[in-house]
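Colleague: I am new to this structure and would be grateful for a close look at one part of it. Please choose a buried position, begin there, and explain how its surroundings are built up.

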Amino acid sequence: IHAFLIRGSGRIDDIRTFADDGGVLEDAEDGNTDGWTVYVNTSGAASIINVESADKQSRVIRLAGDGRSDGYRFDINQDVNPNSQLNWSLNYSETFAIFVSVETANGRRYLTYSPRDDNRGLSGQYVLLGVGANAANGRWQTFNRNLSEDLAGAEAGNTITRINSFMIRGSGEVDDIALIGN
């Protein structure tokens, strides 16, 4: 594939070039929240709901609580190859932190994505990465990350062997979590 071109106005959603089952781990279309858990419930009111999104015109996972005080986890538990990409879409109007828990040759790491314009390197087990300050703008956005490249940018020579989970701190909506090229 060399390009995907569109001329004109309109909406577009869910364009994929996946092999086999498409690598889709969660697209909410089944109407349930299987695989999701609240892992931090500081507010006592954290919830995970599968809802119809008028903006996206499809089902999505709504994570609701007290901002970054509450955390939500989607279990993946898959071995990965060096070229694997993790894709997801989100709609957040507040700050958030996404933690992708991975096993590496040097132990567990958390690839940590937040709405910032800079990467801050390795801090203990956390690889601190920015996905753009505009990421919490209240509109649907899709992110495509090569996990091995993100790790190598902070810890050269380390390799990912397994992805454990996709975790989010903050309230908003998420959809279309996919592991591509695995």
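Modeller: Asp176 is a suitable place to begin: its relative accessible area is 9%, and because buried means under 20%, this residue counts as buried. The model is a predicted one, and what follows should be read in that light. Asp176 is part of strand S13. Its backbone deserves a second look, since Asp176 has a positive phi of about 55 degrees without being a glycine.

A second residue offers a useful contrast. Gln57 also has a positive phi of about 55 degrees and is likewise not a glycine. Gln57, however, sits in the loop that links strand S3 (47–53) and strand S4 (58–64), and with a relative accessibility of 61% it counts as exposed.

From Asp176 the path leads to the partner of its strand. S13, which spans residues 172–180, is paired with S6 in the antiparallel sense through six bridges. Within this pairing, Gln85 is found opposite Ile180 of S13. S6 has a further antiparallel partner, strand S11 (residues 141–146), again over six bridges; here Leu90 faces Gln141 of S11. S6 itself runs through residues 85–91, and because six of its seven residues are buried, the strand is largely enclosed by the rest of the structure.

One residue of S6 can be examined in more detail. Asn87 belongs to this strand and, at 11% relative accessibility, counts as buried. The side chains of Asn87 and Asn144 make a polar contact at 3.3 Å.

Next comes the helix. At the start of H1, a side-chain oxygen of Asn146 comes to within 3.1 Å of the backbone nitrogen of Ser148. The buried residues of this helix are Leu147, Ser148, Asp150 and Leu151. Viewed down the axis of H1, they fall within an arc of 165 degrees, so they line one face of the helix. Glu149 and Gly153, on the other side of H1, are exposed. The buried residues of H1 pack against S6 and S11, and also against S7, S8, S10 and S12. The helix therefore leads from the strands discussed above to another set of strands.

That set belongs to an open sheet of seven strands with mixed pairing, in the order S2-S5-S12-S7-S8-S10-S9. Its edges are strand S2 (36–41) and strand S9 (121–123), each of which pairs on one side only. From one strand to the next, the twist averages 25 degrees. Helix H1, residues 147–154, packs on this sheet and touches strand S7 (97–104), strand S8 (107–114), S9, strand S10 (126–130) and strand S12 (160–169). The directions of H1 and S8 make an angle of about 100 degrees.

The S9 end of the sheet shows both kinds of pairing. S8 and S10 run parallel and are joined by five bridges, with Thr112 opposite Leu128 of S10. S9 and S10, by contrast, are antiparallel and share three bridges; Gly121 has Leu128 in S10 as its bridge partner. S9 and S10 form a hairpin with two residues between them, and Gly124 in the turn has a positive phi of about 65 degrees. S10 is mostly covered, with four of its five residues buried.

At the other edge, S2 is joined to strand S5 (residues 70–79) by five bridges in the antiparallel sense. Trp36 stands opposite Phe74 of S5 in this pairing. Trp36 also has a place in the largest nonpolar core: of the 34 residues there, Trp36, Val100, Leu111 and Phe166 touch the most other members. S12 supplies the largest share of this core, four residues. In soluble globular proteins, nonpolar side chains tend to be buried together.

Trp36 finally brings the account back towards its starting point. Apart from neighbours within four places in sequence, the contacts of Trp36 include Phe74 and Phe166, as well as Val174 and Ile177. Also among them are Ile48, Ile61 and Leu63, together with Glu26, Tyr72 and Arg73. Asp176, where this account began, lies in S13.

Note on methods: Residues are numbered from 1 along each chain as its sequence is written. This is a predicted model: local features need pLDDT of at least 70, side-chain atom pairs count only at pLDDT 80 or more; totals for chains, interfaces and linings use all residues. Side-chain values use heavy atoms; hydrogens and water are left out. Two strands pair if DSSP finds at least two bridges between them. Axes are lines fitted to C-alpha atoms, for helices over the stretch in contact, and angles run from 0 to 180 degrees between N-to-C directions. Contact means heavy atoms within 4.5 Å. Buried means under 20% relative accessible area, exposed over 50%, partly exposed in between (1.4 Å probe, protein chains only). The arc is that of the directions from the helix axis to the C-beta atoms. A polar contact is a pair of N or O atoms within 3.5 Å; within protein, one must be able to donate a hydrogen and the other to accept it, and residues adjacent in sequence count only if both atoms are side-chain atoms. A nonpolar core is a set of buried Ala, Val, Leu, Ile, Met, Phe, Trp, Tyr and Cys residues joined through side-chain atoms within 4.5 Å.
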